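Here is a short briefing to read alongside the model. Take a moment to look over the sequence and the fold.

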Amino acid sequence: MMIDCGEGTQLAMRRMKLRFSRLSHIFISHLHGDHVLGLPGLLSTLALHGKTGRVTVHTFPEGIDLLQRVVSFFCREPGYEIVYEPVSYDGGIVYEDNALTVEAFRLYHRVPCVGYVFREKAKPRHLVGDMVKFLEIPISKLHGIKMGDDFVKPDGTVIPNGRITKPADPSVSYAYCSDTVYDPRVAAAVKGIDTVYHEATYIDADMSKAHDRGHATASEAARIALEAGASRLILGHYSKSYENESRHLAEASAIFPNTILANEGLTIDLL
Ligand SMILES: [Zn+2]
């Protein structure tokens with residue numbers, strides 16, 4: 001899954017040796033060039049690489065209209081299916097499978113913009129094999145027990161779930177807050193998410209610039225993470241006017257200590 005697709009995306013994927021064939025969903029936050037101009041090129045490249053199956057692009061209806069025209073012009077017979085799924089500016093669930101949901105939520109930029117929350121569903125508990133054997137639990141009951149049911153023996157004795165299972169692996173959650181001004185409604189939308197990415201285009205000295213241009217400062221990103229109760233904050237989308245991001249990190253860390261600077265090639269284990 002990919003979120004946004006700036007011009008450098010294909011090259012970055014190549015450098016990181018990410019397999020183009022595994023890409024299945026692309027979620028676009030808004031229709032500014034630095035978030036979307038890499039998409040026509042990437043979708044064309046997928047065709048050249050003999051991609052099969054399907055790629056679903058999630059974006060606003062006007063984005064679908066635009067992309068369909070550009071992509072169909074450059075890529076007449078892609079060999080794989082490109083599906084466009086409309087995203088509402090008001091947000092809502094945009095993807096769901098057995099393990100994961102992806103939900104869009106509203107952001108506050110100069111143009112319509114959404115962020116995305118990725119939530120792994122609760123995972124099944126682990127069976128204690130010896131107990132399953134000892135109690136002769138029928139196979140038909142195992143799924144329910146993994147999901148938390150107690151086991152009732154034929155004589156009516158209840159064996160509590162905690163004696164026959166061990167806790168499930170933790171479920172991870174991640175929120176991507178693309179371009180936005182600071183707004184407490186963003187914190188409400190990502191409440192309870194473990195890892196929050198938030199744009200931090202500017203530092204506090206340039207706060208008025210941030211507000212004028214529909215962006216946030218690093219310390220404002222940190223306030224969102226704090227208000228949301230996140231355990232980790234990732235900053236990104238820095239203005240090119242700074243030599244480096246040391247002040248972004250210092251200003252955010254003063255408010256929210258567990259802050260990481262995103263930079264190209266960084267990989268993060270969400271567990
Ligand atoms: Zn933007």
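The notes below cover the metal site, one helix and the overall build.

This is a predicted model, in which local features need pLDDT of at least 70, side-chain atom pairs count only at pLDDT 80 or more, and totals for chains, interfaces and linings use all residues. Residues are numbered from 1 along each chain as its sequence is written, and side-chain values use heavy atoms, with hydrogens and water left out.

**Zinc site**
- The zinc ion has His30 (NE2), His32 (ND1), His109 (NE2) and Asp179 (OD) as its protein donors, 2.2 to 2.3 Å away.
- Donors are N, O and S atoms within 2.8 Å of the metal (3.2 Å for Na, K and Ca); water is not among the atoms, so sites may look incomplete.
- Along the sequence, the donor residues follow the spacing H-x1-H-x76-H-x69-D.
- The arrangement is irregular because the four donor atoms subtend angles of 91 to 172° around the zinc ion; four donors count as tetrahedral if all angles lie between 85 and 135 degrees, and as square planar if opposite donors are over 155 degrees apart and all others between 65 and 115.
- His30 and His32 are both buried (under 20% relative accessible area, 1.4 Å probe, protein chains only).

**Helix H3**
- Seven of the 10 residues of H3 (residues 39-48) are buried, among them Leu39, Pro40 and Leu42.
- Gly50, just after H3, has a positive phi of about 70°.

**Overall build**
- The protein has 11 helices (DSSP runs of H or I, at least four residues) and 15 strands (E, at least two).
- Of its 271 residues, 47% count as buried.
- The C-alpha atoms fill a box of roughly 70 × 50 × 35 Å along the principal axes.

Technical notes
Tetrahedral: all angles 85-135°; square planar, octahedral: opposite > 155°, others 65-115°. Buried < 20%, exposed > 50% of the residue type's maximum accessible area, 1.4 Å probe, protein only.
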